[in-house]
Amino acid sequence: MNLLSVNQLSKSYGPKTLFNKISFGINYGDKVAIVAKNGSGKTTLFKILKGIEIADEGDVVFRKNINVAFLDQNFNLDETLTISGILKTADNKFVKCINAYDAALLESEKNPSPQNMQKYDDALHLMTELNAWEYETDIQEILSRLEIYDLTQPVASLSGGQKKRVALALVLINKPDLVIMDEPTNHLDIDMIEWLEHYLQASTLSILLVTHDRYFLDEVCNSIIELDNGEIVEYHGNFEYFLTKKAEREMIKNAEIDKARNLYRRELEWVRKMPKARGTKAKSRVDAFSEVEQKAKQRRTEKKIELSVKMERLGSKIVELHKITKKYDDKTILNPFTYTFMNGEKIGVVGKNGVGKSTLLKIILGEEQVDGGKVQVGDTVVFGHYSQGGIQLNNDKRILEVVKDIAEFIPLANGTSLSASQLLTRFNFPPDLQYNFVSKLSGGEKRRLYLLTILVKNPNFLILDEPTNDLDIVTLQTLEEFLDEFKGCVLIVSHDRYFMDRLVDHVFAFEGDGEIKDFPGTYSDYRIWKQEQKLEDKEAKKLISFEAIEAGGLAPHILTQEEVHHTQIKKEIKQEVKQEIKPLVAKKLSYKTQRELEELEKEIPTLEKKKLKLELELAAVANDYTLIQELSEELKKLSELLDSRSMRWLEIQEEL
């Protein structure tokens, strides 16, 4: 059943075409992600679907009588109201139904005329049809899952993450048939993101979303729509499938452009030499030449952003935290915390919103003072701080001027330098865009420009607070590669689990009440460890409960009927405990084995690719017997290693 049809939709702003005659549809049960570079028109498309922007041509058709909900990236809540007030005044079919029922009931009691009684019967029927009687219960369940408890809080007093949760609650409470979301994970902490993932996975909701969160995309969506150079390309698979097929498509497209350019050069010479009087055959060749010319002048696939700016030398003393403490009123942010940063470290900072992650960053930067302890910063440290709020770029300035205000020429890691314009080009701001005003940039493009202004200062200690918000996937992948090779220190606060797993060596986990656990490993390693701890705690509590029953055992004497009954109860409890614990133990891997399994799942595909490459090389060798022998020996060793790794993977699967 089709819920949404987008037909031949086009939108331009002046000379810039965002999309041209694009068409796609959303059917019942579809969970679709839209992926595109910043400035490609994702948010504009979202606004057209919502009806607050008008397309140049084409139309958007929603199925009749379906309930559609939108979650904006930049949502506006009435800050004069409380959370309760927001819920009661929401544009919500259940609220409208309840209000109509209350009004009809009141009118029928005041004046039981046939007309008023009919209105009451209609309202009662609608209440039953929508099951609006359960609305309050449903609200409480969703709010508690989103950790919204105090409904008397004024909206103005809420943090960005809390406001996002209220906006999300308003969408989910309405029980839509189709939900359209623009960056739903922005401003949510990781626990909330994982809850939302599970909720959307389990629901029958049809979903269209714009997201840069690759784990979220993989968990929630079953297909991807890419908006690329004004056109739509659909991929029916997960993010890895999308990357593979996109690379194949770009390779084929570039090969076709190369072929067209070669043909164009030959045909251009023929066209120039050909006399004006042309026959029918010549005319058809000229028509074909026009098509070749159009294809030959297509742009190749854009190169990835190149980040290679110079890093200032970092001395032996970097940053030392000695028993630092911090409180806000009665809330403890940091208990005595000590840490000495080492060169080349990449540390992730995780925890729920409001526990003090950003405060720790500000303390290191010197923007916040500690209550106790000492912070020492080395003389050679140059901080590069990417803040969650971003910088206030002057909208009246041109893009090139923003960079020139920092430096006319920027030194690179290889010893050369680039002009401000050349560096902007590397950052996917082509020359024809550099003289545009900042006000013309999309939110993601402004973020990319902000990132550039930080890197051109040649920092050696990067502090990144939610750097992934609003950045497109191409920029994220390039930033990951840059940070992976960055020789200085990196401290990252991010809700993007893919980004964290790709980069960090260990994790500062804010566990509440000012406690920070320094965990060795990635964020996913930390989450696995936490789950193991919860399971072990649960098992321990059950065993303690059982041992307590055993400890209260009976003295050796003739048992009364009551004591026999009591003993039987104890046996039943013991059996129940064993039954509950057994499956938990049987299905759980140790932390070490879990890590080994993850490494095997990364290594085996790599070995398979190497094996295939060797087999192809061997097949291509003709009479070079020395090379054949070398390749055969290498292939034999690789096959043995692959067999060994595969057998170990199977052994672990048997444990599971």
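**Exercises: helix 16 and its sheet**

At the start of helix 16, a side-chain oxygen of aspartate 472 comes to within 2.7 Å of the backbone nitrogen of threonine 475. The model is predicted.

**Exercise 1.** Find how far helix 16 reaches from its first C-alpha to its last, and set that against the expected span.

*Solution.* Take residues 473-485. That is 13 residues. At 1.5 Å a residue, 18 Å is expected. The helix reaches 19 Å, close to that value.

**Exercise 2.** Which residues of helix 16 are buried?

*Solution.* Apply the cut-off: buried means under 20% relative accessible area. Ile473, Thr475, Leu476 and Thr478 are among the buried residues. Continue along the helix: Leu479, Glu480, Phe482 and Leu483 are buried too.

**Exercise 3.** Give the strand order of the six-stranded sheet, then explain why strands 14 and 20 each have one side without a neighbour.

*Solution.* The order is 14-17-18-12-19-20, in an open sheet with mixed pairing. Strand 14 (383-386) and strand 20 (515-520) stand at the edges; each has a single partner strand, so one side of each lacks a neighbour in the sheet. From one strand to the next, the twist averages 15°.

**Exercise 4.** How do strands 12 and 18 run, and which helices pack on the sheet?

*Solution.* Strand 12 (residues 346-350) and strand 18 (residues 489-493) run parallel, joined by four bridges. Glycine 348 stands opposite isoleucine 492 in strand 18. Helix 11 (residues 357-365) packs on the sheet, and its direction makes about 150° with that of strand 17. Helix 16 also packs there, touching strand 12, strand 17 and strand 18. Its angle with strand 17 is about 145°.

Terms used. Residues are numbered from 1 along each chain as its sequence is written. This is a predicted model: local features need pLDDT of at least 70, side-chain atom pairs count only at pLDDT 80 or more; totals for chains, interfaces and linings use all residues. Side-chain values use heavy atoms; hydrogens and water are left out. Helices (H or I, at least four residues) and strands (E, at least two) are DSSP runs, numbered from the N terminus. The expected span of a helix is 1.5 Å times one less than its number of residues. Buried means under 20% relative accessible area, exposed over 50%, partly exposed in between (1.4 Å probe, protein chains only). A polar contact is a pair of N or O atoms within 3.5 Å; within protein, one must be able to donate a hydrogen and the other to accept it, and residues adjacent in sequence count only if both atoms are side-chain atoms. Two strands pair if DSSP finds at least two bridges between them. Axes are lines fitted to C-alpha atoms, for helices over the stretch in contact, and angles run from 0 to 180 degrees between N-to-C directions. Contact means heavy atoms within 4.5 Å.
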